[in-house]
Amino acid sequence: MSALDTLLDTQSPKVGKTEKGEPDVFRRKSPNQRRYEEVRSREYLLPSEVDAMMKAIKKHGGRHAHRDATLVLLQYRHGLRVGEVAGLRWEQVDFTAATLHVNRLKNGSSAVHPLYGDELRALRKLQKDYPNTPFIFMSSRKSPLAPDSIRGIIEQAGKLAELPFPVHAHMLRHACGYYLAREKTDTRTIQGYLGHKNIQHTVRYTQLSPEPYKGLWKKA
């Protein structure tokens, strides 16, 4: 195991976003008291940046490279919170129907999402790498990855990809909502996909979409 794998598999606290829906044992206050806008200009990632993170993980290598790249892929593709990723079990995956049952935290609405070819291939390989385990994402200690370890993996992936700002795990959920809005997905569908109880939480993504403003300067 590389030094990086050892570091990321420890259960020591990481700086990042804490999920209110996580058990108390996983919750802690972030020592970073600066406002987000002082650290980065936006709180979502672009598809190209997510792709760069996954490629950087694979290029860097290490025992858990495939696990970590798959973690980034699923968290982004399904808009998962850290606690939701940590709790993923193989019983939630239906390889035959190509679906993932997503259990939402924070009193969110659970849903069944389609799984696409790249996700299915990644999950099948992951199942071979970590056989006979109830949880999808496992540590070297053969226990489910703790939320703080997941945060550390995502933060480190941003550094490996040399993104010009510090990355935190919740940005992958925001990236999912932003992507769906950019693809002109209707707000109700995005709400259901992300499990929002209140549609006002969804509107933030449609407000960030440039689609309503396209064509305003037709002669430019």
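**Close-up views of aromatic side chains**

**View 1. Arg42 lies over the face of Tyr44, at 5.4 Å from the ring centre.** Welcome to a predicted model. Tyr44 itself is buried, with a relative accessible area of 14%. Keep this ring in mind, as the next view returns to it.

**View 2. Tyr44 also pairs with Tyr178.** The whole structure holds 2 aromatic pairs. In this one, the ring centres are 4.1 Å apart and the planes meet at 20 degrees, so the pair is stacked. Tyr44 sits in the loop between helix 2 (36-39) and helix 3 (47-60), while Tyr178 belongs to helix 8 (residues 170-182), so the two rings tie together parts that are 134 residues apart in sequence. Is Tyr178 buried or exposed? With 7% relative accessibility, Tyr178 counts as buried.

**View 3. Trp90 and Phe95 form a stacked aromatic pair.** Here the rings are 6.3 Å apart from centre to centre, with 25 degrees between the planes. Trp90 is buried at a relative accessible area of 10%, and Phe95 counts as buried at 18%.

**View 4. The charged end of Arg89 sits over the ring of Phe135.** Look for the distance to the ring centre: 4.2 Å.

**View 5. Tyr213, Leu216 and Trp217 make a nonpolar patch on the surface.** The patch covers about 470 Å². Trp217 is found in the segment after helix 10 (200-208), and its 74% relative accessibility means that it counts as exposed. For the wider setting, the protein chain has 10 helices and 3 strands, and 48% of its 220 residues are buried.

Methods
Residues numbered from 1 in each chain as written. Predicted model: local features only at pLDDT ≥ 70, side-chain atom pairs only at ≥ 80, totals over all residues. Heavy atoms only, no water. Patch = residues over 30% accessible without salt bridge, like charges linked within 9 Å, V, L, I, M, F, W, Y side chains within 5 Å. Areas by Shrake-Rupley, 256 points an atom, 1.4 Å probe, with all protein chains shown as cover. Salt bridge = Lys/Arg side-chain N within 4 Å of Asp/Glu carboxyl O. Helix = DSSP H or I, 4+ residues; strand = E, 2+ residues; numbered from the N terminus. Buried < 20%, exposed > 50% of the residue type's maximum accessible area, 1.4 Å probe, protein only. Phe/Tyr/Trp six-rings, centres within 6.5 Å; stacked < 30°, edge-to-face > 60°. Lys NZ or Arg CZ within 6 Å of the ring centre and 35° of its normal.
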